[in-house]
Every structure is written in structure tokens, then in C-alpha cells.
Amino acid sequence: MDEQRTEAWWARRAWALLSAVRSRAPLVQCITNLVSMDIAANTLLAAGASPAMLHCIREVPEFTPRCDAAYINVGTLSEDWLPSMMAAASAGRPWVLDPVAVAASGFRMNTCLSLLKLRPSVVRGNASEILALAAGSGNSSFKGVDILHDSEDAQQAAKALACSSGAVVAVSGAVDFITDGKQVIGASNGVPMLQKITATGCAVTALIAAFVGADPSDALVASACALAIFGLAGEIGMESAKGPASLRVNLIDALYCLDEQTVTSRVKISLRP
Amino acid sequence: MDEQRTEAWWARRAWALLSAVRSRAPLVQCITNLVSMDIAANTLLAAGASPAMLHCIREVPEFTPRCDAAYINVGTLSEDWLPSMMAAASAGRPWVLDPVAVAASGFRMNTCLSLLKLRPSVVRGNASEILALAAGSGNSSFKGVDILHDSEDAQQAAKALACSSGAVVAVSGAVDFITDGKQVIGASNGVPMLQKITATGCAVTALIAAFVGADPSDALVASACALAIFGLAGEIGMESAKGPASLRVNLIDALYCLDEQTVTSRVKISLRP
Amino acid sequence: MDEQRTEAWWARRAWALLSAVRSRAPLVQCITNLVSMDIAANTLLAAGASPAMLHCIREVPEFTPRCDAAYINVGTLSEDWLPSMMAAASAGRPWVLDPVAVAASGFRMNTCLSLLKLRPSVVRGNASEILALAAGSGNSSFKGVDILHDSEDAQQAAKALACSSGAVVAVSGAVDFITDGKQVIGASNGVPMLQKITATGCAVTALIAAFVGADPSDALVASACALAIFGLAGEIGMESAKGPASLRVNLIDALYCLDEQTVTSRVKISLRP
């Protein structure tokens, strides 16, 4: 780990990457769940990226190679979308996996394990998802897509998963962790009420794909910065929110409006000891 | 009917059930239409429930039995989702049916009639839907999913449907009716502009599923309370709404923020003569 | 072109058509992409139309003939929806095509070309989509669903497409153009930030379908007026927007609230020289 990676370094990096998304407008193909499409697309647009929701196997082999990144999310998995997920993951572009509720069924677990073999650049989930995926087996105490475990509990699982898969693994929680199996980065922007808005996890994973698409050189840095930027937009949105629905509106507005001063002074990312 | 079921009794019951949803966070599987997914999930989250949008037949037999309740909605029916609907309805959990636009086609009517045989705890629709479902045949004057009949017109149909199906039947309208075939309960919270927001009917049916999931002991009471709570959130949302889109935002915010004082003083439920 | 078609004539016509939508509540069947369903349905409701999101081939032959108009959008095209699109387009009702990202793949282009043969009343796209569709072949510089070309660049392509297809062709951009192959009408309401909200293009195409459904006598006039009304709602929404998410809320609210004075004084439509 470079010595110069202070909080200020990270905050400047977050601004540089957001600026890269805005100027390069990376084309991000999303094969995502039916609940998240609206918020994922609007998050990408607000950040400056160009979303493309395509999931047809007749189009993926032709379209995905033209994208800057792909985003695959199994939230409303169905068998007929599986070939497209596999094809998009195999198209040679950077891609990001969101293993929503991976322990919901054996079918879902096997799908995620198959996708994992296609070498995603990043896997992002909550602690219970990352724990389950690392264990590679169902979790009998599974309860929906909500967060069961503190993200710190999943730190060891995340490192193991990163090592075995070769992916950067990001774990969302009160503090987000991002690891490549060696270093562990913490990103602590965000507000608890984000969990009361459906598909914010899916939206931030889409944003990670946009950051990776804009600068594929370092998926660890891109993931940490995307998580912090999204959390910061949530913090700003929370300042005038009256509940989860106005927070959602405010978050997207804030993401669109983020400026250098705000990002460099408020992004909180640091190396974990 | 117990003598003590005054308006005040109902209002306290509504608060108790909302509190139960918040504390127990019932896991509600939703096999719902593509338009409603966002608002249904956000309604459930705002109320304190845990939504899970899963519709894959490879997952339903494993997942639905772990849920507190299931919610099945035929709004964007397609043949490939039918086996999952049937499997979820057969999984032995309380479940709620929303027969959106049941008269739109013979296929849709037959699907709803088949689902009805799998004994939902609750069926909720608008007057024209309940009338059509009770008649068990298409309605040549069908016009979209909007409300054609006053909910009072459908009261007799609702009672007949409740008796024949064994389900509690709820009819949305200017005043909502809820019946188990014997008693008829009226719930009169709400504002007309809710009809100008897509899928608010779907969202309130999802909320009924959450209430039934949190306390399956009395689906009649749970349904009436869920309808009143949703309508009350709409009333509060309307206070600062400038149109249907801000009403939607405000409604979800208000549902999240409802407190005991507001619920017990403003919920309007009563036995119909 | 009639001499009397001044800006004032157009503005009065826009108000008359919006009033017709409000009073007749045309039933508009939407076979649209998964991202756009919520905003398209809410746009239709806010304008006074009655949306019906049905896409099942078992229902289309029975349902579409009862509709005032149909709306077909290929944004998240999949093979299993194709028969329904073809059946709805063949049902003998006025229908409108949105060829989202037509150049994304050969499959999508061929689908749109097949649909075009079924004689839509209106085709609406951005400049790159209309250019690609007119050329009838993929565009190797395709980049997502964003706007690559100024709408003026596509004017000649739009006229050629209108002549060959028999449809009115509308091209969205800084200024919208609408042509039947002979006349070209310009509609200049709107704000740039609408492009930062996903599926606003889909929503305005749905609104065109509602206008055509309310008055099928002149699809050129209906299309121009729908585009101007939607753009005007965006202008009003922009007055208090803090970013794309609040703009979306405000736009729907404004569409619902539009009154005669506002419409007749602010709609900007004129014949192009």
C-alpha cells in the first residue's frame, strides 16, 4: 500500500473518477433485476454514465463488446435470462456482479458460482450475501435481501472470496469494505435510511460498473470511490429528506450536483489496519 | 361481531399491526407485475416489512415456505410466470391475490379462477375486478384497470366471492370494504388522487400481505388495517402534494413516519350495517 | 399547409387535445421496456389516459382491439415478447413505435423493420435512432440510447422514413421535429435535463399514443402537441427542480396540473420552413 494514500488522496481520487465518468460517459450494459431498473438507470445517468438495459441473448454477443462495462445482478433471476448473463460476463469487458440474495435457493447459488468463474472485476453484496457466497452454500437463516451481518463480520470471508475469485470484493454495511484479498479499504459515507429504499444496493453496484468502465486500471480504487460517492449523495440527500422516498429523490439529485469542493471535503475512505 | 369493535378499537388495532410489521419485519415474497415492483417493494420497506421479489420456478418451492406471506398479482401476466404463481400459492404460507384487470382476457380470468382455488387468505381488487371475478366471466365493458363501479356496488359480489372462495375479499374505492362473507368492514381513509398513481392498488395489496404475514390470526382485521394505514399515509402525503408524483413520494415518506398518535386519531374503520 | 396554423393555433390545438385525453381517458396498451413501465404509466395517468401494461400473447388478440391505441417500445426487447408486439401492431388500432437503440443489434433492427411494415401511426425516436432506422442498417458508432445527432441532422432521414413507412415520424432533440414526409413541424418546449432521466423518451412516446388514441384524425398534429405538452411540463418542473429526480417528480405533477392559460401561452409549435 502506497504511503501517500491518505484520506485526502482518496477524496481527490473519488473526484477524479467521478469527473472521468462525467466526461467519458461510459456505456454500461445492465442485466439487472426488474425492481432495480429504474433506480439503476437513473443513478447511472445522474453520475454521467450511459446506461443500456439489454438482456436478450440475440443481442448480447453483438452489443456487450461495445460497452465500457457490464453489470449483472441476479435479484429477479430466471432461467431464460441466464444465457445472456453468461454471455455478457464472457464478452471480454470489465463486469461487476451483484449476488442479490444468493442464499435464497440452490439455483441462485449455483448461478452465482458459475458467474464467479467468469471472472468479474468486482463483486458487491451485503455481509450475508458475501458470507454465503464465500461459503458457497445456502444459509439456512437467510431472511430476504436485508442485512443480517455487520459488514465487519464478513471481512475475512470477503478476503477469501477475493483471493479465490480474483475479483475485488465489496461489502456494504454501516461501513463499506472493499478488498482485493490483500488490502482492505473502508468507505464510511452513507446513511442508514438507504436500506429502506429498494434496490439502492443494486444502484451502487451499477455505479461501481460505471467507475470501472471509466477507468478500468484499478477496480479496487474505482469500487471504493463509487461506494463513497453514492454514500455521500445519500448523506446530502438525507439533509432534507422526510423519509425514504424523498431521500431517493434527493440522493439522485445530489449525485447529479456533486462538485469538487463537496467531494474532496466529505468523501471518507481509508485503508483498514 | 364483538360489541367492543368501535372506531377507537380499530384504530388501536391498526397501530398494533403496523407495530408488529415494524418489529417482526415479515418476509413477503412478491410475484407481482412489472409496473408495480418498485412501489410495492418501497411500500413494504417503508412499513417495516422485508420484500423479496422472486418469481423463478427453480426457486419458489425452496424459498416461499420460508416466507411469512406471499403476494401474487396478475397485472402483467405471462404464461412463463404461471407455474411460479401456482407453486407460491401452494406453498402452505398465507398469501394474497390481486386480480388486476381480471376481465382483460379469458386467459387472465382462468388464471385468477385457478389461483382462487388455491385458497388465498385475501383477495383485493377494485369494484369492477371483484364483480368480474365473482361473476367468473369477462366483462365486455371492461376498460383498463381503472375503477368503473363504486365499491358499494360490489359489496354483494364481494360477500358471495368470500363465501365461495373462503378468502377475505377487499374492495378498494372511495370507501374500502372488507368482508369475510359475513361481516362487512368499511375503511374510509385515502384520497382520490391515489388513483392517478400507477400501482397504488398493487402496493396496498402488498401491504395487506405484510400485515397478514406479521399476524396471520385474523386476515379480515389485517386487511382492513392495512388499507386504512395506506389510505392514511395518502391523506398525510396529500397535505403537501402538488400532483400525483409528489403524492407518491409523500405517501411513502408518511408511511415510514406514522406514529401512534396519528394512527390512533386518524384511522377510520368501522363495521358496516 | 393551412395559413391559419399560427403558433396560437397550435397552442389552442394542444390544449384541445390534452382536454380530449382528460375527458375521453383513452385506453392505451403499452408493450414497453422494463425500465420505462413506471414512468410511462404515470405519465399516461397524469395526462388523463388509462394505461394498460399487457404483453402476453394469450391476451393481446382479445385485448388490443378494445384499446384506443397501442404503444410498442423495443427498449428491453426479448424474443418471447416479439409475437405480442407483432399481434398488437396488427390488431387494427392506431399504434405508435419507439425504436429505442435500434442500432444496438441486427436483431433489434430487424424487429423494428418488421414492426414498421405493420404501419404504425407514429414512430418517435432521437436523431440517431431515426437516422439508423431510415438507413435500415446498424450504425457502427452506436453508443447506448443517448443522443448522438442533433435532431436537425435527422430531418431528411425522418422525411424519407415517413414517406417509405406511411407513418408520422417524430425526432426528439433540442427542438423536436415531426413530419409526415411533406410538412415538417417543430416543437421546441422542453429542457436539456430531461435527458438525464431514464425513459423520458419512452414516456413521451406513450403520451403520443394517448393523444392519437383520443383523436386519431391527425397523427401529425397529435404527435406535435403531445411532444410540446410533455416538454412544457418539463419546463414547469424545471422551475423548482434540484436535479433529475426532482425534475421527474415535478414533471408528472406539472403534467397533471396543466391549465388552459399555461398551455395556450407557453406551447411552442410551428411549421418549419
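1. Start with how two helices of chain B sit against each other. In this predicted model, the axes of α2(B) and α10(B) come within 7 Å and cross at roughly 25°. Angles under 35 degrees count as roughly parallel, so α2(B) and α10(B) are roughly parallel to each other. If you want to find the spot, look on the α2(B) side for N42(B), T43(B), A46(B) and A47(B), and on the α10(B) side for I252(B), L255(B) and Y256(B). By class, that contact has five nonpolar residues, two polar ones and no charged ones.

2. Both of those helices turn up again where chain B touches chain A. The contact there takes 25 residues from chain B and 28 residues from chain A. On the chain B side, α2 (37–47), β2 (50–52), α3 (60–63) and α10 (244–257) each supply at least two residues. The side of chain B that touches chain A has 17 nonpolar, three polar and five charged residues.

3. How do chains B and A relate to each other? A rotation of 120° with 0.0 Å of shift along its axis puts chain B on chain A, with an RMSD of 0.0 Å. Want a landmark for that axis? Go to L34(B): of the residues of chain B, L34(B) comes closest to the rotation axis, at 4.0 Å (C-alpha). The copies use different surfaces, and 12% of the contact residues of chain B recur in chain A.

4. Now for chain C and chain A. Here, a turn of 120° and a shift of 0.0 Å along the axis lay chain C on chain A, again with an RMSD given as 0.0 Å. The two copies are thus related as by a three-fold rotation axis. In chain C, the residue that comes closest to the rotation axis is L34(C), at 4.0 Å (C-alpha). These copies use different surfaces too, with 11% of the contact residues of chain C recurring in chain A.

5. What does chain C bring to its contact with chain A? The contact takes 28 residues from chain C and 25 residues from chain A. Two helices of chain C, α5 (106–116) and α10 (244–257), each supply at least two residues of the side that touches chain A. Of these, α10(C) gives the most to that side, with four residues. By class, the side of chain C that touches chain A divides into eleven nonpolar, ten polar and seven charged residues.

6. It's worth a closer look at α5(C). Its buried residues are R108(C), M109(C), T111(C), C112(C), L115(C) and L116(C). Seen down the axis of α5(C), they fall within an arc of 160°, so they line one face of the helix. What do they pack against? Their partners in chain C are β3 (69–73), α4 (82–89), β4 (95–98), α6 (127–135) and α7 (155–165).

7. Last, one residue from α10: L247(C) lies in that helix of chain C. Is L247(C) buried or exposed? A residue counts as buried if 20 or more other C-beta atoms lie within 10 Å of its own, and L247(C), with 27 other C-beta atoms within 10 Å, is buried. Leaving aside neighbours within four places in sequence, L247(C) is in contact with M193(C), I197(C), G237(C), M238(C) and A241(C). L247(C) and G234(C) are 13 residues apart in sequence and 7.2 Å apart in space, C-alpha to C-alpha.

Terms used
Residues are numbered from 1 along each chain as its sequence is written. Chains are lettered from A and ligands numbered from 1 in the order in which they are written. This is a predicted model: local features need pLDDT of at least 70, side-chain atom pairs count only at pLDDT 80 or more; totals for chains, interfaces and linings use all residues. Two residues are in contact if their C-beta atoms, placed from the backbone, lie within 7 Å. Ala, Val, Leu, Ile, Met, Phe, Trp, Tyr, Cys and Pro count as nonpolar, Asp, Glu, Lys and Arg as charged, and the others, Gly among them, as polar. Copies are superposed by least squares on the C-alpha atoms of residues with pLDDT of at least 70 in both. Axes are lines fitted to C-alpha atoms, for helices over the stretch in contact, and angles run from 0 to 180 degrees between N-to-C directions. Angles under 35 degrees count as roughly parallel, over 145 as roughly antiparallel, 65 to 115 as roughly perpendicular and the rest as oblique. A residue is buried if 20 or more other C-beta atoms lie within 10 Å of its own, exposed if 12 or fewer, and partly exposed in between; C-beta atoms are placed from the backbone. The arc is that of the directions from the helix axis to the C-beta atoms.
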